[in-house]
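Reader: I'm more at home with gels than with coordinates. Could you walk me through how to read a model like this one?

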Amino acid sequence: MATILVTGASGFIGAHAVRHLTAAGHRVRANGRDRVRLAAATGALAGQFPADLAADPLEALVEGCDTVIHCAALSSPWATDAAFQRANVLATSRLLQAARRQGVRRFIHLGSPSIYFRFADQYDVGEDFTPPRRWITGYARSKWESECVVRDHAEAMECLVLRPRAVFGEGDRAILPRLLAVAAYGRFPLVAGGRALIDITHVDNLAALLVHCVDAPLQASGRAYNITNGSPLRVEALMRMLFAALELDVRLVPVPRAPLLALAGLSEFLARRRAGRPEPRLTRYGLGVIGYSQTLDISRARRELDYAPQVSIEQGLARFARWWRQHAAA
């Protein structure tokens, strides 16, 4: 069995990856910046190696590792470009350099489909990608640049990039909780009537793939793969399923897209001029991801990585609902 470093192990995806890898018999080193959160997330499942990937020495972190699974990132619709560059590009570059010096065999990097985002409907988007002249978010740009850094090392070690779309499940503190916060007053606005067709990914499907990718043969080092549940659905249908799973009585209210995007633009403008640049309650990107259709083609992952999602969206929402009832107040 392999010795595997999982970065971002104190976070949602990283913690699930640690559990799946240890269950498969691998020796796991769990990395995160916050020692307390790292211990709470991984417990006795893995050795704990707290470190700031953008600043601390990393040789000891990767020494003796066969594989690095890089989940750590600043994932947010709102932060400074400098913060995104530090957490997502600099940290990835430093980790790759240390891994290369220590003879790590394989580097698995979690990218992001946010790079594809446009204020337009997009269907069956493949992995081939040309960056735009102007990025909509600093996060998306930093994730693309981090992928480019990974590919720069693809000849020196085996590298692959996974682009999971909207990962949800037990422990999610971002995607579904944000939607539930909007619905807290018994109403939920459906941008453009909720007609947008989107993809989401249950975290156990991604974590199982990460386990498989530790030893899976690679078609080409540095290649990227879209990852979803493979079952696109309308935003309205997703919200009805979520509220039903949680037994919540929430009224779905259709709202036009254009006025909301204009309001979000104003909110961003004002937030940038406030002290500390606090995240506005509305962002154009946040509205755009549920207001425009975006589905991903996952045929490459199915074909080359034998990816076969086992947890359906319905099953995943039921699991999340059980977890949410137990932990929402925590």
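Author: Sure, let's begin with the inside. Keep in mind that this is a predicted model. The largest nonpolar core has 37 residues, and F188, M239, L242 and F243 are those with the most contacts inside it.

Reader: Which helices and strands each supply at least two residues of this core?

Author: The list runs α6 (175-182), β9 (187-191), α8 (235-245), β14 (251-255), α9, α10 (284-291) and α12 (313-327).

Reader: Let me zoom in on one residue. What is F243 in contact with, leaving aside its neighbours within four places in sequence?

Author: With that filter on, F243 is in contact with L180, A183, F188, L248, V250 and L252. F188, one of those partners, is also among the residues with the most contacts inside the core. Apart from this core lies another one, of 33 residues, with I108, V211, C213 and V214 among them.

Reader: V211 and C213 sit close in numbering. Where do they belong, and how many residues of that helix are buried?

Author: To call a residue buried, you look for under 20% relative accessible area. Helix α7 (residues 203-213) is mostly covered, with 9 of its 11 residues buried. Both V211 and C213 are on the buried list of α7, which also includes V203, D204, N205, L206, A207, L209 and L210.

Reader: As a bench person I always ask about cysteines. How many disulfides does the structure hold?

Author: For a disulfide you want two cysteine sulfur atoms within 2.5 Å. The structure holds 0 disulfides. C71 is in none, and the nearest cysteine sulfur to it, that of C213, is 12 Å away. Turn it around and C213 is in no disulfide either, with the sulfur of C71 as its nearest, 12 Å away.

Reader: Are C71 and C213 buried or exposed?

Author: C71 has 15% relative accessibility, so it counts as buried. C213 is buried too, with a relative accessible area of 1%.

Reader: And how do I read a buried residue in a strand? Take Y225: what does it touch?

Author: Start with its place, then its cover, then its contacts. Y225 is in strand β12 (residues 223-227). Its relative accessible area is 1%, so Y225 is buried. Not counting residues up to four places away in sequence, Y225 touches E127, L160, V161, L162, R163, R300, A301, E304 and L305. For a sense of distance, the C-alpha atoms of Y225 and I198 are separated by 17 Å, and these two are 27 residues apart along the chain.

Reader: Let's move to charges. How many salt bridges are there?

Author: Side chains of opposite charge can pair when their charged atoms come close. Here the count comes to 16 salt bridges. One of them is D81 with R141, where the closest N and O atoms are 3.1 Å apart. D81 lies in helix α4 (residues 81-101) and R141 in helix α5 (residues 138-152), so this pair ties together parts that are 60 residues apart in sequence. D81 is partly exposed at 43% relative accessibility, and R141 is partly exposed at 28%.

Reader: R300 came up among the contacts of Y225. Which residue does R300 meet in a salt bridge?

Author: The partner is D128, at 3.9 Å from N to O. D128 lies in the loop between β6 (122-125) and α5, while R300 is in helix α11 (residues 299-305), so the pair ties together parts that are 172 residues apart in sequence. D128 is exposed, at 70% relative accessible area, whereas R300 is buried, at 17%.

Reader: What about E236 and R240: where do they lie?

Author: Both lie in helix α8, 4 residues apart, which is about one turn of the helix. Their closest N and O atoms are 2.9 Å apart in a salt bridge. E236 is partly exposed, with 28% relative accessible area, and R240 is partly exposed, with 48%. Elsewhere, salt bridges that share partners join R105, R106, E158 and D215 into one network.

Reader: Last one. Which residues form a nonpolar patch on the surface?

Author: L263, L266, F269 and L270 do, with about 360 Å² of accessible area together. L263 is in helix α9 (residues 257-272), and at 41% relative accessibility L263 counts as partly exposed. Helix α9 also supplies at least two residues of the 37-residue core we began with.

Note on methods. Residues are numbered from 1 along each chain as its sequence is written. This is a predicted model: local features need pLDDT of at least 70, side-chain atom pairs count only at pLDDT 80 or more; totals for chains, interfaces and linings use all residues. Side-chain values use heavy atoms; hydrogens and water are left out. Buried means under 20% relative accessible area, exposed over 50%, partly exposed in between (1.4 Å probe, protein chains only). Contact means heavy atoms within 4.5 Å. Patches are made of residues with over 30% relative accessible area and no salt bridge: like charges are joined within 9 Å, nonpolar side chains (Val, Leu, Ile, Met, Phe, Trp, Tyr) within 5 Å. Accessible areas come from the Shrake-Rupley method with a 1.4 Å probe; for residues, only the protein chains shown count as cover. A salt bridge is a side-chain nitrogen of Lys or Arg within 4 Å of a carboxyl oxygen of Asp or Glu. A nonpolar core is a set of buried Ala, Val, Leu, Ile, Met, Phe, Trp, Tyr and Cys residues joined through side-chain atoms within 4.5 Å.
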